[in-house]
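Look at the sequence and the model together, and follow the chain from strand to strand. The paragraphs below go through the sheet, the helices, the core, the ligand and a few backbone details.

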Amino acid sequence: MEIRDFTTADIDAVVAILKANQQYGHADMDGPEAMRKVSQCQAAEFLVAEHEGQVVGLIRGTFDGSRAIIYLASVHPHFQRQGIGRQMVREIARRFRARGAVAVSVIVPGNAEFWHKLGFRQTTRVMQAYPIDEVLPR
Ligand SMILES: CC(C)(COP(=O)(O)OP(=O)(O)OC[C@H]1O[C@@H](n2cnc3c(N)ncnc32)[C@H](O)[C@@H]1OP(=O)(O)O)[C@@H](O)C(=O)NCCC(=O)NCCS
């Protein structure tokens, strides 16, 4: 198992994983063009897990100079519960710490058990305005 940086050649595999996990809700946030932009963003870490030449997981997040946050983590259903999620979280946390982060947060839809096992504790709630125009004056 190798955890490495995402490249644009991984797009189809990443979309397939997100769809298989019902995490592909908004193409403008998670689709191919968004992935390209994230991979070019200096604040972002966008990693994939590769097993025998196949991309089986992804994780992405940002570090703003003070706080680090993981926005999305996904392991293909056929490869879950084999320690891949844990390896990806550890690698992104290692990279954030190398940049200077002292804490890392995660946006968790649904079951939080995996994150509890990795040492995360609930502190604040994350709320979202989608589309962003919801918070802009009309
Ligand atoms: C959540 C997810 C990323 C975990 O990845 P994974 O590779 O299956 O997790 P791991 O095998 O590394 O599990 C690490 C530990 O968490 C536990 N765990 C993993 N998923 C769990 C779940 N859904 N419920 C309870 N415990 C879970 C494992 O049993 C393991 O525990 P152990 O240390 O006692 O053995 C993966 O299941 C997934 O993609 N789920 C669908 C999408 C999702 O919910 N993403 C997270 C929010 S962005």
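In which sense do E3 and E4 pair, and over how many bridges? The two strands run antiparallel, and seven bridges connect them. Keep in mind that this is a predicted model. Within the pair, Ile59 stands opposite Ala73 of E4. The turn that links E3 to E4 is a hairpin with four residues between the strands, and in that hairpin Gly65 takes a positive phi near 105°.

On the other side of the hairpin's start, the next pair can be read in a similar way. E2 and E3 are also joined, by eight bridges in the antiparallel sense. One matched pair here is Glu50 with its bridge partner Val55 in E3. The hairpin of E2 and E3 has two residues between the strands, and Glu52 has a positive phi near 45° there.

The pairs can now be placed in the whole sheet. The sheet is open and has five strands in the order E1-E2-E3-E4-E5, with mixed pairing. Its edges are strand E1, residues 2–5, and strand E5, residues 104–106, each of which pairs on one side only. From one strand to the next the twist averages 30°. At the E1 edge, four bridges join E1 to strand E2 (residues 44–51), and these two strands run antiparallel. Asp5 has Leu47 of E2 as its bridge partner.

Helices come next. Helix H1, residues 11–20, packs on the sheet and touches E2, strand E3 (54–63) and strand E4 (68–75). The direction of H1 makes about 85° with that of E3. Helix H4, residues 84–99, lies across E1, E2, E3, E4 and E5, and runs at about 35° to E3.

Is E3 largely enclosed or largely open? Eight of its 10 residues are buried, so E3 is largely enclosed by the rest of the structure. A general point helps in reading any strand of this kind. In a regular strand, side chains alternate between the two faces of the sheet.

Which residues have the most contacts inside the largest nonpolar core? They are Leu47, Val48, Leu58, Ile59, Met88 and Ile92, in a core of 25 residues. The elements that give two or more residues to this core are H1, helix H3 (32–40), E2, E3, E4 and H4. H4 gives the most, with six residues. Met88 shows how the core is connected: leaving out residues up to four places away in sequence, Met88 touches Ile3, Leu47, Ala49, Gly57, Ile59 and Ala73. Two names in that list have already appeared in the sheet, since Ile59 stands opposite Ala73.

The model also contains a ligand. The shell around the ligand has 20 residues, and the closest are Gln80, Gly85, Arg86, Glu113 and Phe114. Three elements give two or more residues to this shell: E4, H4 and helix H5 (113–117). The largest share, four residues, comes from E4. Sorted by class, the shell has seven nonpolar, nine polar and four charged residues.

Gln80, one of the closest residues to the ligand, lies in the loop between E4 and H4. Is Gln80 buried, exposed or partly exposed? Gln80 has 15 C-beta neighbours inside 10 Å, so Gln80 counts as partly exposed. The C-alpha atoms of Gln80 and Val56 are separated by 9.1 Å, while the two residues are 24 residues apart along the chain.

Arg81 belongs to the loop between E4 and H4 too. Its phi is near 60°, a positive value in a residue other than glycine. Arg81 counts as exposed because it has 9 C-beta neighbours inside 10 Å. Gln22 also has a positive phi without being a glycine, at about 55°. Gln22 lies in the loop between H1 and helix H2 (27–30). With 10 C-beta neighbours inside 10 Å, Gln22 counts as exposed.

One last backbone detail is found in the segment after H5, where Pro131 lies. The peptide bond that joins Tyr130 and Pro131 is cis, with omega at about 0°.

Terms used
Residues are numbered from 1 along each chain as its sequence is written. This is a predicted model: local features need pLDDT of at least 70, side-chain atom pairs count only at pLDDT 80 or more; totals for chains, interfaces and linings use all residues. Two strands pair if DSSP finds at least two bridges between them. Axes are lines fitted to C-alpha atoms, for helices over the stretch in contact, and angles run from 0 to 180 degrees between N-to-C directions. Two residues are in contact if their C-beta atoms, placed from the backbone, lie within 7 Å. A residue is near a molecule or strand if its C-beta atom, placed from the backbone, lies within 6 Å of it. Ala, Val, Leu, Ile, Met, Phe, Trp, Tyr, Cys and Pro count as nonpolar, Asp, Glu, Lys and Arg as charged, and the others, Gly among them, as polar. A residue is buried if 20 or more other C-beta atoms lie within 10 Å of its own, exposed if 12 or fewer, and partly exposed in between; C-beta atoms are placed from the backbone. A nonpolar core is a set of buried Ala, Val, Leu, Ile, Met, Phe, Trp, Tyr and Cys residues joined through C-beta atoms within 7 Å.
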